[in-house]
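Me: I would like a close look at one part of this protein, the sheet and its pairing, followed by an account of the rest of the fold. Please begin with a single position.

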Amino acid sequence: MDAGDSLAGAPSVEQLRPVFHVYQVRRDGDRLLYVGDPRTTPDAIERRLWEPFHDAGYELSLERDYDPESDVQIPTHGWVLVARPRTPGIDGVPWTNVVLLLLTIGSTLLVGGVQWYRIDPTGNPLALLRAWPFVAAVLGVLAVHELGHYVASRYHGVEASLPYFIPFPTLIGTMGAVIRMKGRIPNRKALFDIGASGPLAGLVATVVVSAIGLQLDPLAVQQGTPEPGATIVEFNFPLLLQGIAAATGTSAKLAEGAYHPVVFGGWVGMFITVLNLLPVGQLDGGHIARSVFGERQETVAAAVPAALFGLAGYLYFVSDVTNAVGVWVMWGLLATGLAYAGPATPIRDTPLDDKRVALAILTFVLGILCFTPIPFELGAQV
């Protein structure tokens, strides 16, 4: 195929020559393949060529031994620059996202209906619909968090999927939601905006949900005394939730444990915020820390697992608390893996501006206000 026909609208071979010697250009479906030899390091190639390919509507990656199932023949141990068209928006109905959302609504209705509304689904499954305020509170907070990431990603021209909700009939009915970023992040500014937008948007939703929930009366089914031997879950409240209760004159509800299930949606938002703001790997906190500290973020990340294991040890050996230990041990193990995998690396590693550094500090302060060392305690009714 003629190179001129192949490269219509894409960067030319001459533009690549300073960093990548091209000896073959091919099309593979809608992708462009520049086969050749690097003249510098892979990172330097991506930094030099990302912008012209991005402006031409392509995502760029440097790969070795390209897809063996492709009909494009590349010499053994060869290199290829793969240019994939960027997706401008959502193409068609995102059925996977829709199905997972519906399944998550179902699992959250089940958990909320049984645990908070005391509904027996075997007798009348449709009665679970009465738990819709619980579902709206929990999934609303999660959705706003993830949509904050999505909007920021699109704003900076980084390909991202819509949120994928994860159904799981546990304490809250879901294991949260995630978006998948498909493109490289251009600079620290974009990395910060994408990382911080989720927690900040989610916290706004959390404050609103908490304030509304605290104005609602507790359910009548919550007023009775549980049967002897029944498992009781007591949730401890972070400073932010206590502050919202004080500001709305509803502190007594938290003190007495007599609050509407919608309040629990706010509690979930704060707990999720704490976990996401751990400054490690590709968590939101890892993105923010990487944008502020640059490569020094890896030093910060290395301390996170030690801090979590230390907290678990303190609770177990000093405070004689066992219920929350498993949570922090599990997240200590997860943080170890995330630290090993490393953070997201922007194309251009220029320092962050002072305003965003100040906003990063504020974001972590808000995260601390959402933290409680013992999120919940399990006990048995006597």
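Which residue of S4 is the bridge partner of glycine 36?

Reply: The bridge partner of glycine 36 in S4 is tryptophan 79. The model is predicted, so local features are reported at pLDDT of at least 70 and side-chain atom pairs at pLDDT 80 or more, while totals for chains, interfaces and linings use all residues. Residues are numbered from 1 along each chain as its sequence is written, and side-chain values use heavy atoms, without hydrogens or water.

Strand S2 (residues 31-38) and strand S4 (residues 79-85) are joined in the antiparallel sense by 5 bridges. Strands here are DSSP E runs of at least two residues, helices are H or I runs of at least four, and both are numbered from the N terminus; two strands pair if DSSP finds at least two bridges between them. The open sheet contains 4 strands in the order S1-S2-S4-S3, with antiparallel pairing. At its edges are strand S1 (20-28) and strand S3 (58-64), each of which pairs on one side only. From one strand to the next, the twist averages 25 degrees. Helix H3 (residues 42-55) packs on the sheet and touches S1, S2, S3 and S4; its direction makes about 155 degrees with that of S3. Such angles run from 0 to 180 degrees between N-to-C directions, with axes fitted to C-alpha atoms, for helices over the stretch in contact (heavy atoms within 4.5 Å).

Beyond the sheet, the structure holds 13 aromatic pairs (Phe, Tyr or six-membered Trp rings with centres within 6.5 Å; stacked under 30 degrees between planes, edge-to-face over 60, tilted otherwise). Tryptophan 116 and phenylalanine 134 form a tilted pair, because their ring centres are 6.3 Å apart and their planes at 35 degrees. Since tryptophan 116 lies in the loop between helix H4 (95-115) and H5, and phenylalanine 134 in helix H5, the pair ties together parts that are 18 residues apart in sequence. Both tryptophan 116 and phenylalanine 134 are buried (under 20% relative accessible area with a 1.4 Å probe, protein chains only; over 50% is exposed, and partly exposed lies in between). Phenylalanine 264 and tryptophan 267 are stacked, because their ring centres are 5.4 Å apart and their planes at 10 degrees. These two residues are 3 residues apart in helix H9, so about one helical turn separates them. Phenylalanine 264 is buried at 2% relative accessibility, and tryptophan 267 at 6% relative accessible area. One aromatic cluster includes Trp116, Phe134, Phe264 and Trp267.

Phe264 and Trp267 also rank among the residues with the most contacts inside the largest nonpolar core, which has 55 residues. Such a core is a set of buried Ala, Val, Leu, Ile, Met, Phe, Trp, Tyr and Cys residues joined through side-chain atoms within 4.5 Å. Helices that each supply at least two residues of this core include H5 (132-155), H9 (261-276), H11 (297-318) and H12 (325-341). The largest share, 9 residues, comes from H9. Apart from this core lies another, of 17 residues, including Val13, Leu60, Leu62 and Ala83.

In H11, the buried residues include Val304, Leu308, Leu311 and Leu315. The buried residues of this helix pack against helix H10 (284-293) and H12. Leaving aside neighbours within four places in sequence, tryptophan 328 is in contact with residues including Leu308, Leu311, Ala312 and Leu315. Just after H11, aspartate 320 takes a positive phi of about 60 degrees.
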